[in-house]
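Subject: Handover of a structure and summary of findings

Dear colleague,

Please find below the structure I am passing on to you. My notes on it follow directly after.

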Amino acid sequence: LLDKVGKLFERAGMGELIAPKDLVGIKLHFGELGNTAYIRPQFVRRVVDKIRGRGGNPFLTDANTLYVGSRSNAVDHLRTAILNGFDFAVVNAPLVIADGLTGKDYVNVPVNLKHFKEVKIGSAVYHADALIVMSHFKCHELTGFGGAIKNLGMGSGSRSGKQMMHSDVLPEVTVAECQGCARCTRWCPAGAIAVSRETKKAYIDHGKCIGCGECTVTCTVGAIKINWKTEPEAIQEKIVEYAAGVLQNKQGKVGYINFVLNVTPDCDCYGFSDAPVVRDIGILASLDPVALDQACADLVNREAVLPGSRLEGREVQDKFRALWPQTVWERQLTYGEEVGLGTREYELVEI
């Protein structure tokens, strides 16, 4: 199987994306501590070796998480990645956290789309010459499934960018928890936050607030809470717009590999992995993320449900909607087509 990953890389035309001395980011999800379903580092090593064979200079990358887990800052993130096997000795490439130490290292990229005029892309992803997006295809409670588009869009956004994708509601200060440190006022680009002279607590002027999320990810005591309130279709559209921002300066320089293995009912951000809902189907690759995700979704839905899984005893046509009834997972694909990420039409070629 490891040899086949190398063959797949070449047959999909990914070698042609890389020029000598290109800085090539391999966009991954390193897995949360306790999770075991993420892509195995041995597969990543084969892609690293292929990139080096083409004269490229590969590095592994992901942006920090919005939620406070084991990957919300670069120190914890790197430690988690190494504990999960993504060490230089294993993968033969360095690890670079895309949005820096605390999520503040990003580039504002203009997109002028439905939800965002500009998006906040982790600088290491933005400045890479080429990208190979390696995604573990699995189910997801907000988007139905997580594949190439989600890995590229949500995964490349800075922490404040992730807050903007996750929420349609402006932030509020929990006065009882605020310590009046004024850190949030220094990072607010709209000048919408101040500390009251009387109460010594921060407050937000919603007339000025632009909902950028910087205060949420800056507050060290959790007085400005992460807000997860959004509609499933809206968050998928926002993810697509972030993906469009990543691709803006990389036309003809991005390839995608989806691992339809260990198809768990939840994403890899959980600190555990539940039993897979279908058998291991295979590894797919394409230069089109929309076609790739559509093919993977179709393959999963054609499979029989595995005994012992969360769907045991339910022969359902749409496994993603059976697990997460509130999601309309097709929206990331239809909107991806609308904004020019790719096409839902595909042809499966077996190697």
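To begin with a single position: is Ala190 buried, exposed or partly exposed? The model is a predicted one, and in it Ala190 has a relative accessible area of 28%. Because buried means under 20% and exposed over 50%, Ala190 counts as partly exposed. Ala190 is located in the loop that connects helix H8 (183-187) with strand E9 (193-195). Beyond its neighbours within four places in sequence, Ala190 makes contact with Lys208 and Ile210. The C-alpha atoms of Ala190 and Cys212 are 9.0 Å apart, with the two positions 22 residues apart in sequence.

Ser196 is found in the loop between E9 and strand E10 (202-204). With a relative accessibility of 13%, Ser196 is buried. Its side chain reaches the backbone nitrogen of Thr199 at 3.2 Å. Ser196 also touches Lys201 and Tyr203, when residues up to four places away in sequence are not counted.

Salt bridges

Side chains of opposite charge can pair when their charged atoms come close. How many salt bridges does a search of the whole structure find? The search finds 20. Among them is the pair of Glu16 and Arg54, whose closest N and O atoms are 3.3 Å apart. Glu16 belongs to the loop between helix H1 (2-11) and strand E1 (23-27), and Arg54 to the loop between helix H2 (41-53) and strand E2 (57-62), so this salt bridge ties together parts that are 38 residues apart in sequence. Glu16 is exposed at 63% relative accessibility, whereas Arg54 is partly exposed at 30%.

A further salt bridge is formed by Asp22 and Lys253, with 2.5 Å between the closest N and O atoms. This pair links distant parts of the chain, 231 residues apart: Asp22 sits in the loop between H1 and E1, and Lys253 in the loop between helix H10 (232-247) and strand E11 (254-260). Asp22 is buried, at 10% relative accessibility.

Arg310 and Asp274 also form a salt bridge, and their closest N and O atoms are 2.8 Å apart. Since Arg310 lies in the loop between helix H11 (289-302) and helix H12 (319-323), and Asp274 in the loop between E11 and strand E12 (282-286), the pair ties together parts that are 36 residues apart in sequence. Both residues are partly exposed, Arg310 with a relative accessible area of 36% and Asp274 at 30% relative accessibility. In addition, salt bridges with shared partners join Glu10, Glu16, Lys50 and Arg54 into one network.

The sheet and its helices

An open sheet is formed by 6 strands in the order E3-E2-E1-E6-E11-E12, with mixed pairing. Which strands stand at its edges? They are strand E3 (95-97) and E12; each has a single partner strand, so one side of each is left without a neighbour in the sheet. On average, neighbouring strands of this sheet are turned by 25° against each other, direction ignored. E11 and E12 run antiparallel and are joined by 5 bridges. Phe259 has Ile283 in E12 as its bridge partner.

Two helices may be noted here. H1 lies across strand E6 (130-136), E11 and E12, and runs at about 20° to E12. Helix H6 (residues 148-156) lies across E1, E2, E6 and E11, and runs at about 115° to E6.

Yours sincerely

Note on methods:
Residues are numbered from 1 along each chain as its sequence is written. This is a predicted model: local features need pLDDT of at least 70, side-chain atom pairs count only at pLDDT 80 or more; totals for chains, interfaces and linings use all residues. Side-chain values use heavy atoms; hydrogens and water are left out. Helices (H or I, at least four residues) and strands (E, at least two) are DSSP runs, numbered from the N terminus. Buried means under 20% relative accessible area, exposed over 50%, partly exposed in between (1.4 Å probe, protein chains only). Contact means heavy atoms within 4.5 Å. A polar contact is a pair of N or O atoms within 3.5 Å; within protein, one must be able to donate a hydrogen and the other to accept it, and residues adjacent in sequence count only if both atoms are side-chain atoms. A salt bridge is a side-chain nitrogen of Lys or Arg within 4 Å of a carboxyl oxygen of Asp or Glu. Two strands pair if DSSP finds at least two bridges between them. Axes are lines fitted to C-alpha atoms, for helices over the stretch in contact, and angles run from 0 to 180 degrees between N-to-C directions.
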